[in-house]
Amino acid sequence: MKRICVFAGSSAGNDPAFTERTKELGKVFADNQIELVYGGAKSGLMGVMADAILEKGGRVTGIMPSHLFQKEIAHPDVTEMIEVETMHERKAKMSELADGYIALPGGFGTFEELFETVSWAQIGLHEKPLALFNIAGYYTPLMDMIDHAIQAGFVAENNRQLILESYDPEELVKMMKL
Ligand code: AMP
């Protein structure tokens, strides 16, 4: 079974499209026997994604540091919960397990994870694909910022391709080239 690591908000955002499209992506994972690897929380889009897959009988692995591991935060129904000591250990474990990464809409935690993943790719630490699920144009300003950084000479033009992007769940999964 192939695994995709998903970064996603611990909030659901204020546009119902975020939840609806996340559920569609969850269905595509389950239909294609793709295991979800994620932060292990039940809140926000993280929980929506996990629930959508579990409802369809798919596999979900949560990776959560002990200090976040409280009953009200951890998803009680994941297939497997791996408890680690630190946030760093968690990211290392997520990377070890994943064949690719998808970032759903989210906040600082999601940004940090996606930028670490792309910055590690640009120095050759991994060659796994990373794609943004651009629901309701959420990530368009971020792509614009990246173009701005290219124009200003801070990001190499050929590194733009390290961040893939789509609003179509099927296409996103195809981009992972599993
Ligand atoms: P944010 O986008 O700021 O809501 O943070 C979400 C991202 O950070 C997720 O992809 C998680 O990996 C991580 N994260 C933030 N808060 C939690 C939490 N309470 N439990 C598990 N992971 C979290």
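Let's start in strand β7, residues 164-166, where S166 has its place. Before I go on, please keep in mind that this is a predicted model. Is S166 buried or exposed? S166 has a relative accessibility of 4%, and buried means under 20%, so S166 counts as buried. Its side chain also has a partner in the backbone: a polar atom of the S166 side chain lies 2.9 Å from the backbone nitrogen of D168.

Another buried residue with a polar partner is H75. You'll find H75 in the loop between β3 (60-65) and β4 (80-84). Although H75 is in a loop, its relative accessibility is 6%, so H75 counts as buried. Which side chain does the side chain of H75 contact? That would be D51: the two side chains make a polar contact at 2.7 Å.

One more buried position, and then we'll move on to the ligand. L132 lies in strand β6, a strand that spans residues 130-133. The relative accessibility of L132 is 0%, so L132 counts as buried. If you'd like a distance to orient yourselves, take L132 and N14: they are 118 residues apart along the chain, and their C-alpha atoms are separated by 19 Å.

Now, the ligand. Where does the ligand sit? It sits in the largest pocket. How many residues surround the ligand? There are 17 of them, and the closest are S10, G107, G109, T110 and E113. Sorted by class, that shell has eight nonpolar residues, seven polar ones and two charged ones. As for where the shell comes from, helix α4, residues 108-122, gives the largest share, with four residues.

Let me zoom in on three of those closest residues, as each places a polar side-chain atom by a ligand oxygen. For S10, a polar side-chain atom lies 2.7 Å from an oxygen atom of the ligand. For T110, an N or O atom in the side chain is 2.6 Å from a ligand oxygen. And for E113, a polar side-chain atom lies 2.5 Å from an oxygen atom of the ligand. How much of the ligand does the protein bury? Taken alone, the ligand exposes 480 Å², and the protein buries 85% of that.

Let's turn to the loops, where I have some exposed residues to show you. Follow helix α4 out of the ligand shell and on towards β6 (130-133), and in the loop between them you come to L125. Here we have a leucine with a relative accessible area of 55%; exposed means over 50%, so L125 is exposed. For a sense of distance, L125 and A52 are 73 residues apart in sequence and 32 Å apart in space, C-alpha to C-alpha.

Further along, in the loop between α5 and β7, lies G153. Buried or exposed, this glycine? G153 has 62% relative accessibility, so G153 counts as exposed. Its C-alpha atom and that of P105 are separated by 27 Å, and the two residues are 48 apart along the chain.

I've kept two residues for the end because of their backbone angles, and here a reminder helps: most residues other than glycine have a negative phi. What is the phi of Q33? Its value is near 50°, so a positive one, in a residue other than glycine. Q33 has its place in the loop between α1 (16-31) and β2 (34-38). With 53% relative accessibility, Q33 counts as exposed.

The second residue of this kind is A136, with a positive phi that is near 50°. A136 is found in the loop between β6 and α5 (140-151). Its relative accessible area is 55%, so A136 is exposed.

To wrap up, here are the stops worth a look on your own screens. Go to the ligand in the largest pocket, with S10, T110 and E113 among the closest residues. Visit the polar contact between the side chains of H75 and D51. And check the positive phi at Q33 and at A136. Thanks for listening, everyone!

Technical notes
Residues are numbered from 1 along each chain as its sequence is written. This is a predicted model: local features need pLDDT of at least 70, side-chain atom pairs count only at pLDDT 80 or more; totals for chains, interfaces and linings use all residues. Side-chain values use heavy atoms; hydrogens and water are left out. A residue is near a molecule or strand if one of its heavy atoms lies within 4 Å of it. A polar contact is a pair of N or O atoms within 3.5 Å; within protein, one must be able to donate a hydrogen and the other to accept it, and residues adjacent in sequence count only if both atoms are side-chain atoms. Accessible areas come from the Shrake-Rupley method with a 1.4 Å probe; for residues, only the protein chains shown count as cover. On a 1 Å grid over the protein atoms alone, a cavity is a set of points where a 1.4 Å probe fits but cannot get out, and a pocket is an open set with protein on both sides within 12 Å along at least five of seven lines; lining residues have an atom within 4 Å of a point. A molecule sits in a cavity or pocket if more than half of its atoms lie within 2 Å of its grid points. Helices (H or I, at least four residues) and strands (E, at least two) are DSSP runs, numbered from the N terminus. Ala, Val, Leu, Ile, Met, Phe, Trp, Tyr, Cys and Pro count as nonpolar, Asp, Glu, Lys and Arg as charged, and the others, Gly among them, as polar. Buried means under 20% relative accessible area, exposed over 50%, partly exposed in between (1.4 Å probe, protein chains only).
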